[in-house]
Amino acid sequence: MDIIASHGSMLVLIAAAVGFFMAYGIGANDVANAMGTSVGSKALTIKQAIIIAMIFEFAGAYLAGGEVTSTIRKGIIDAAPFADIPELMVLGMISALFAAGTWLLLASALGWPVSTTHSIIGAIIGFALVAVGSEAIQWGKVAGIVGSWVVTPAISGFIAYLIFMSAQKLIFDTDKPLTNAKRFVPFYMGLAGFVMSLVTIKKGLKHIGINLGTVEGYALAIGIAVLIGLIGKVFIARMKMDPNADKQMQFNNVEKVFAVLMVLTACCMAFAHGSNDVANAIGPLAAVVNIVENNGEMAKKAELAWWILPLGGLGIVVGLAVLGKKVIKTIGEGITHLTPSRGFAAELAAASTVVIASGTGLPISTTQTLVGAVLGVGMARGIAALNMGVIRNIVVSWVITLPVGAALAIVIFYILRSAFGV
């Protein structure tokens, strides 16, 4: 309790710094996933991707980030054993953020798309083990999260496969691909609008005091989807394309239409990512601020301080701008060759999966969801379309993320304990 009373402001400053560092790592590694397919399929430039990420990551975090934040904080470890020693919780959360951020930085430099969710969960488990022992860890919750790492890539891969195959059947494998693109693409745009508006309505509006019932929520989401579909129809009708061109030229024009769609799904993915993954940086930081402000008392329901979300959002944007290129290259070019239509299928599938998970409060890995979706698109073209070497490296980096996060957190936790004399 003494260090909270005597060094409270300093602890909050350190926590804010490592929270920013963690958010920077998320930006460098995870947002690159959200934007990798768009940049890899040449639908967006790096600069455009960063601007989109800035706007929509912020919106997703602010409107829909609350649910997952509480799962990360309360779900993985039980706060009860820390009640008499809150300073260990404070130092532990700081070490977890620092450890996870360090691993993300290393992985980003190597171009590995690892999971920020795994990193922070591994780090939290690590410090809890040495601080109070294994009884503080909710192993049932951890098992559920581990299960989701297998399930979510499978779900997103399956959805991506279905979306991609539907586009092949309805558009590319027909005699008039351009005509059919103009007919069907607005439906895909509406679907993307539906997914995105649903998460905002179900999760985000309650943060600003608007509570809609299930029926009204779905009705509004369908309304927004129809509106986006109609706007898309008008926009595509205005694109200058020759319907009598040869088939290859028509394919190129269809891909141009899908490139428009990719911009929408990039927004969708950034929003979904913000709602799910900003919690990895701000959850532990909120816990530290909460304990210090309550003089060591652990409140059941922590109010987020006004500056925490902007700090997380800013860290993510800076990380993406400075270090995001390498992971963007791995996702966009390394796994399989992406065109706008393939990238669209992968992104929409991943966004849908993240939305489902965000709605249930399960901290899934956006990375694994998107890689699963890209694999699904690649599989639709046969196993030869996949770069197995890159996939092997990605899977290895996933497996070692949890133990590396835990080990780093334990080392940093011991250093902090001796530094503060706890």
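Which hand does the crossing of α4 and α14 have, left or right? The close-ups below start with that pair. This is a predicted model, where local features need pLDDT of at least 70, side-chain atom pairs count only at pLDDT 80 or more, and totals for chains, interfaces and linings use all residues. Residues are numbered from 1 along each chain as its sequence is written, and side-chain values use heavy atoms, with hydrogens and water left out.

**View 1. Helix α4 (residues 86–110) crosses helix α14 (residues 388–420).** Helices here are DSSP runs (H or I, at least four residues), numbered from the N terminus. The two axes come within 7 Å and cross at roughly 135°. That makes α4 oblique to α14; angles under 35 degrees count as roughly parallel, over 145 as roughly antiparallel, 65 to 115 as roughly perpendicular and the rest as oblique. Axes are lines fitted to C-alpha atoms, for helices over the stretch in contact, and angles run from 0 to 180 degrees between N-to-C directions. As for the opening question, the crossing is right-handed (the near helix is turned clockwise from the far one by less than a right angle; anticlockwise would be left-handed). Look for Leu 88, Phe 98 and Trp 103 among the α4 residues that meet α14, whose side includes Val 404, Phe 413 and Arg 417; contact means heavy atoms within 4.5 Å. Sorted by class, the residues of this contact are 15 nonpolar, six polar and one charged. Ala, Val, Leu, Ile, Met, Phe, Trp, Tyr, Cys and Pro count as nonpolar, Asp, Glu, Lys and Arg as charged, and the others, Gly among them, as polar.

**View 2. Helix α13 (residues 366–380) also packs on α14.** Their axes come within 12 Å and cross at roughly 160°. That makes α13 roughly antiparallel to α14, and this crossing is left-handed. Thr 367, Gln 368, Val 371 and Leu 375 of α13 touch Ile 391, Ile 394 and Trp 398 of α14. The tally is five nonpolar, two polar and no charged residues.

**View 3. Helix α1 (residues 2–40) packs against α13.** The angle is about 25°, with the axes 9 Å apart. That makes α1 roughly parallel to α13, and the crossing is left-handed. Here Asp 30, Asn 33, Ala 34 and Thr 37 of α1 meet Thr 366, Thr 367, Leu 370 and Val 374 of α13. This contact has three nonpolar, four polar and one charged residue.

Terms used:
Helices (H or I, at least four residues) and strands (E, at least two) are DSSP runs, numbered from the N terminus.
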